[in-house]
Amino acid sequence: MIFQRALRRELLSAAGAVLATLFVITVTWMLIRVLEQAAGGRVASADVLALIGFMSLMYLPILLILTGFIAVLLVVTRSYQESEMVVWFASGLSLTQWISPVIKFGFPIVALTAFLSFFASPWANRQSVEFEERFQKRSDIAKVSPGKFQESSASDRIFFVEEVAGDLSKVQNIFINTVKDGRSSVVVAKEGKIEIDKYGDKFLVMDRGRRYDGLPTAPDFQMMQFERYGVLVSSQSNALNSDNSAKSMPLSELLIQPDPHKQAELLWRISLPVMAAVLMLLAIPLGFVNPRVGRSANLIVALLATVFYLTMVNISQSLVLQGRAAFALGWWPVHASVAVLVWLLFVWRLKINSRWHPAGIWSRCKSGATRKASAA
């Protein structure tokens, strides 16, 4: 019991350090990605923190899987490096007695991974898509920040407004540069407002302005004044449809009228908590390291095993998605194969470590004494 309590404390400490490191790295990468999207006009600047939160929930199951696996691997490896395992085996204890404390430590991780995989991550994915769609459905003028040049979604028009009204439908001191068929057209106006025609298309109608077509040095340069001038800023025919991908569907929808897309997504959600449990058990026999050699080779093997496991799960998901494998036969063979590998590694390590068992030592001493007596 003392050993198990100490081991659980060490596992929790290692897991906290690993999760904090992985989470900081992931959040930093997500922050760079979301800020790049905000700078490119694909998401609203005010939605950056919300999008980072949603993306964190989406990637958290993978982080928890890696946290559990790396934490167990580090603790087992440290025990081998500091020769604690030699004392452990010489005391008559087995490697299998590590399974119980690891399971107790890993059960909350597996349960949280399952909750995130089945419920929280799809909800976060759905919310993230809705935020992006809501911003994309706004007109180009509504996306413009006062005093800032902004490119349109079609990349053929640049807007600049000095002031935007509170309802986002009226703007003042407008500058629009449009490039079409290699010809530049500049429109400047005192004010304008958003109007919607009977077909649902949005127009920016400007009052009291000028339009300049071409270059001032070109012979076909034109300049005109206008009282009212309309520019199409969004078309109803180009409106985005809401995302109906399987990644955003709740679990109840995946189970209704399943198709290959839904079955592939269900396979992935089931695989995540199973991977979390199997990898933590795999880390026990895989954590062996020779104190004289170091642990670099051990960590490389563990990393390759994790990548191979994840790759095989992705292949199974692709087979189900393409209709080349049934869901009932596609989700379990990879996990069963890795579970068999875990059992074989335990058998192998137990066979090697049996020489440190008191019964094995007594048997070798007895057989040595018998040989000496026979020789005498």
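User: In the predicted model, how far apart do the end C-alpha atoms of residues 12–32 lie?
Analyst: UniProt, in an unreviewed entry, lists residues 12–32 under "transmembrane region". In this predicted model, the span is 100% helix and 0% strand. Its end C-alpha atoms lie apart by 30 Å.

User: What is the end-to-end C-alpha distance for residues 52–76?
Analyst: The span 52–76 is also among those given as "transmembrane region" in the unreviewed UniProt entry. Helix makes up 100% of the span and strand 0%. From end to end, the C-alpha atoms are separated by 34 Å.

User: Which residues are closest to the centre of the largest pocket?
Analyst: The largest pocket holds about 560 Å³ of space. Its lining counts 22 residues. Those closest to the centre are M58, Y59, S121, N125 and K247.

User: Which element gives the largest share of the lining of the largest pocket?
Analyst: Two or more lining residues come from each of helix 1 (2–39), helix 2 (48–81), helix 4 (99–137) and helix 7 (260–286). The largest share is 7 residues. The element that supplies this share is helix 4.

User: How many residues in the lining of the largest pocket are charged?
Analyst: The lining splits by class. Nonpolar residues number 11 and polar residues 6. The charged residues number 5.

User: What kind of aromatic pair do F54 and F131 form?
Analyst: The structure holds 8 aromatic pairs. For F54 and F131, the ring centres are 5.4 Å apart, and the angle between the planes is 65°. Planes over 60 degrees apart count as edge-to-face. The F54 and F131 pair is therefore edge-to-face.

User: How many residues apart in sequence are the parts that the F54 and F131 pair ties together?
Analyst: F54 and F131 are both buried. F54 sits in helix 2, F131 in helix 4. The pair therefore ties together parts whose separation in sequence is 77 residues.

User: Which residues do ring pairs link into a cluster with F54?
Analyst: F54 pairs edge-to-face with F131. Ring pairs also bring in a tryptophan, W123. The residues linked with F54 are W123 and F131.

User: Why is the pair of F115 and F119 tilted?
Analyst: Both residues lie in helix 4, 4 residues apart, about one turn of the helix. Their ring centres are 6.0 Å apart, with the planes at 40°. Stacked needs under 30 degrees and edge-to-face over 60, and the rest count as tilted. The pair is tilted because its plane angle is 40°.

User: Is F115 buried, partly exposed or exposed?
Analyst: Buried means under 20% relative accessible area, and exposed means over 50%. F115 has 48% relative accessibility. F119 has 47% and counts as partly exposed. At its own value, F115 counts as partly exposed.

User: Is T178 buried or exposed?
Analyst: T178 is in strand 3 (residues 170–180). Leaving aside neighbours within four places in sequence, T178 contacts D156, R157, R183, S184 and S185. Its relative accessible area is 19%. The cut-off for burial is under 20%, so T178 is buried.

User: What is the C-alpha to C-alpha distance between V338 and V278?
Analyst: V338 lies in helix 10 (residues 333–353) and is buried, with a relative accessible area of 12%. Not counting residues up to four places away in sequence, V338 touches V278 and Y309. V338 and V278 are 60 residues apart in sequence. In space, their C-alpha to C-alpha distance is 7.4 Å.

Notes: Residues numbered from 1 in each chain as written. Predicted model: local features only at pLDDT ≥ 70, side-chain atom pairs only at ≥ 80, totals over all residues. Heavy atoms only, no water. Buried < 20%, exposed > 50% of the residue type's maximum accessible area, 1.4 Å probe, protein only. Contact = heavy atoms within 4.5 Å. UniProt positions renumbered as here; feature names shortened; annotations may be inferred. 1 Å grid on protein atoms, 1.4 Å probe; cavity = no way out; pocket = protein on both sides within 12 Å on 5 of 7 lines; lining within 4 Å. Points joined across faces, edges and corners; volume = space filled by probe spheres on them. Nonpolar A, V, L, I, M, F, W, Y, C, P; charged D, E, K, R; others polar. Phe/Tyr/Trp six-rings, centres within 6.5 Å; stacked < 30°, edge-to-face > 60°.
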